[in-house]
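Trainee: I'd like a close look at the salt bridges in this one. Could you walk me through them and show me where they sit in the fold?

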Amino acid sequence: MGAWDLLLAGLVLLLGLCGVLLPGVPGSWLVWAGVLWWALKDPRPVAWWVCVGATAVLLLSQVVRWALPPRRLAASGSDARMLAYAGCGSLLGFVLLPVIGAVPGFLGGAYVCERLRLGRRAEAVAATRTAMRSGGWSVLTELFTCQLITAAWLAAVFWW
């Protein structure tokens, strides 16, 4: 697989990660499509193992998301800025404290946004709690799954 193909697959994965935070964009399916495309172009067995693992994790994530409340973040007063803060916090947490840091990073990013918007700690905590109850856990589940798949892809590309 050439460098341009890897770059394009990486861009599809990045678009999928960003798409998780945008309403109406099938971010997790873009991430899966990027991994599938890479597996079809790369003849190594590790590519297919990553693709099978990504498929299993993505299907498990869909089952978990169906059990959670539907995404109605706008009804809770959350906006795209809050999702951007939460997504950046999740990515930062995922990198600084590998894998498990994504959850506190997401919550911390959402809290920081609400604290900047509302000003008081108690109101920010209540707004963050409301946002997480009205669909934030669903977004976090999908984003965490996509981060896991992307990390597996990066590991397979750079170390195998």
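Mentor: Sure. Read from the start of the sequence, the chain runs α-α-α-α-α-α, that is, six helices and zero strands. Keep in mind that this is a predicted model. The C-alpha atoms fit in a box of roughly 55 × 30 × 25 Å along the principal axes. The radius of gyration is 17 Å, which agrees with the value near 15 Å for a compact globule of 160 residues. Of those 160 residues, 42% count as buried.

Now to your salt bridges: the count comes to four, and I'll take you through some of them. Start with Lys41 and Asp5, whose closest N and O atoms are 3.6 Å apart. That pair links distant parts of the chain, with Lys41 in helix 2 (residues 27-41) and Asp5 in helix 1, 36 residues apart. Lys41 itself is partly exposed, at 41% relative accessible area.

Just along the chain, Asp42 and Arg44 meet through their side chains, at 2.9 Å from N to O. Asp42 is buried, since its relative accessible area is 7% and the cut-off for buried is under 20%. Arg44, on the other hand, is partly exposed at 24%.

Next, go to helix 5 (residues 102-118), where Arg117 and Glu114 are three residues apart, so about one helical turn separates them. In an α-helix, residues three or four places apart point the same way, because there are 3.6 residues a turn. The closest N and O atoms of Arg117 and Glu114 are 2.5 Å apart. Here too, a buried acid pairs with a partly exposed arginine: Glu114 has a relative accessible area of 2%, while Arg117 has 38%.

While you have the model open, go back to helix 1 (residues 3-20), which also holds Leu8. Leu8 is partly exposed at 41% relative accessibility, and belongs to a nonpolar surface patch with Trp4, Leu7, Leu11 and Leu14. Together those five side chains' residues offer about 550 Å² of accessible area.

Finally, have a look at helix 6 (residues 121-159). A straight helix of 39 residues would span 57 Å, yet helix 6 covers only 44 Å between its end C-alpha atoms. Look at Gly135 as well, where helix 6 bends by about 70 degrees. Thr130 is in helix 6 too, and is partly exposed at 38%. Its C-alpha is 12 Å from that of Met82, with their positions 48 residues apart in sequence.

Note on methods. Residues numbered from 1 in each chain as written. Predicted model: local features only at pLDDT ≥ 70, side-chain atom pairs only at ≥ 80, totals over all residues. Heavy atoms only, no water. Patch = residues over 30% accessible without salt bridge, like charges linked within 9 Å, V, L, I, M, F, W, Y side chains within 5 Å. Areas by Shrake-Rupley, 256 points an atom, 1.4 Å probe, with all protein chains shown as cover. Helix = DSSP H or I, 4+ residues; strand = E, 2+ residues; numbered from the N terminus. Buried < 20%, exposed > 50% of the residue type's maximum accessible area, 1.4 Å probe, protein only. Expected span 1.5 Å × (residues − 1). Bend = angle between axes of the 7 residues up to and from the residue. Rg over C-alpha atoms; globule rule 2.2 N^0.38 Å.
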